[in-house]
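Okay, thanks for coming, everyone. I've got a few bits of geometry to walk through, so let's put the thing on the screen.

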Amino acid sequence: MALSCRVLEGPKEGEACSPGSLVQWVLLNDGPAWPHGTTLRLVGGPVLASPIVAVPEAARGQTVVLELEALEPEGAEAESYHTLVSPQGEPFGEILFLKVKKVEAAPAVPTCAVIAAPAEGLTGLQGELKEVEWTLANFGAAPWPADAVAQLIYNSPGFAHLPGQIELPKVAPGMTAQLGVTALMPEMPGCWKAMWAVTSASMPDFGDILYVDFTVDDFPFMEWMLEESPQAETISEASETEEKLSAAFAACKHLVPDGAEVDFQAAPSCPGIEQLESLGNISNVVPGTLFSVELMLANDGSCAWPADSKLVCCFGDAMSCEGQTMPCEVAPGSAVALRLDFTAAEAPTYSGWVMISNDGEPFGPVFLLKME
């Protein structure tokens, strides 16, 4: 009686597997026992798996499981045929079919993910300039497209003067980029939101959403800065005009760590503020480092400053400085020395300071300190 083999399980004709995968057949011996030395051999087509595999002895009715690793075909796909062969070299049983097809590699694409964003519910003053920043990362396998932009897609009605489109750098895979926006706070209280979509015309699936929201309180900061003194129209009105507190910048000194630089060349600017004095631009300071500014202020008005007048942060980052309260009444023509102790911020920032009276009214110029 001739040797025999029937295929119970295995790849069907037309089914393809990928290179490197394991191909399995379940074979049934439906004839005489397979003798020692029986093999599975390649009988047609290219080499897509081991061409000769030893097959264990099997009695009639027993099954044998064979596994082969599919190899890489020379072309996109290929087919081969295998069969059992007796020790005498006689093939027997059903043909085992194998088809291997290369898997096309997915095209390398970039991705954009926001890994750091402004905190929710940022606070601001009316008319204040606020700087926010996002950190974006490319976790993909290709650089960002050259036409990648951040497009403004929503802003609360009344929240104006926002950049409509921001060009993005061509960030390489595994790298990050910082994207910053300077926003002018509306001159009315409320919650103000804005969203930019990171998009690319050449890659529709590329992008993410940049979101920020601000809560502007009803503190009349711009009224402080823009309020004009009422002009007396008659001699009698002029005589009845109330004297107001006044302050002037006299001098300042910076106590900074070694390596830090202080620059007064860049003129300070802030929309809507007419009286603005620079306390300098400080650079090369390690974040978290302590530094101080000794400020000399003069009373150039006609009435004394109350003893509880204060120098307070009116906008920007106070950098952990609590301000200064006048130790005593400051008479007209006199000067007072104040010391502001700061902790350097993690990122470039600015800090605005102004004198206020005991009833909360500001007077004198705004003192602006920048840290780069």
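**A four-stranded sheet and two odd phi angles**

Let's start with one pair: threonine 39 has alanine 54, in strand 4, as its bridge partner. Just so we're clear, this is a predicted model. That pair belongs to the contact between strand 3 and strand 4, which run antiparallel with 3 bridges between them.

Zooming out, there's an open sheet of 4 strands here, ordered 4-3-6-7 and paired antiparallel. Which strands stand at the edges? Those are strand 4 (52-54) and strand 7 (91-101); each has a single partner strand, so one side of each has no neighbour in the sheet. On average, neighbouring strands in this sheet are turned by 30° against each other, ignoring direction.

Staying with strand 3, which covers residues 39-44, that's where you find valine 43. Valine 43 has a relative accessible area of 48%, so we call it partly exposed. Together with Tyr81 and Ile95, Val43 makes a nonpolar surface patch, about 260 Å² of accessible area in total.

Now the backbone. Most residues other than glycine have a negative phi. Histidine 161 has a positive one, near 60°. You'll find histidine 161 in the loop between strand 11 (149-155) and strand 12 (165-167), and with 63% relative accessibility it counts as exposed.

Asparagine 284 also has a positive phi, near 60°. Its loop runs between strand 18 (276-283) and strand 19 (290-298). Buried or exposed, or something in between? At 48% relative accessibility, asparagine 284 is partly exposed.

That's my lot, over to you.

Conventions
Residues are numbered from 1 along each chain as its sequence is written. This is a predicted model: local features need pLDDT of at least 70, side-chain atom pairs count only at pLDDT 80 or more; totals for chains, interfaces and linings use all residues. Side-chain values use heavy atoms; hydrogens and water are left out. Patches are made of residues with over 30% relative accessible area and no salt bridge: like charges are joined within 9 Å, nonpolar side chains (Val, Leu, Ile, Met, Phe, Trp, Tyr) within 5 Å. Accessible areas come from the Shrake-Rupley method with a 1.4 Å probe; for residues, only the protein chains shown count as cover. A salt bridge is a side-chain nitrogen of Lys or Arg within 4 Å of a carboxyl oxygen of Asp or Glu. Buried means under 20% relative accessible area, exposed over 50%, partly exposed in between (1.4 Å probe, protein chains only). Two strands pair if DSSP finds at least two bridges between them. Axes are lines fitted to C-alpha atoms, for helices over the stretch in contact, and angles run from 0 to 180 degrees between N-to-C directions.
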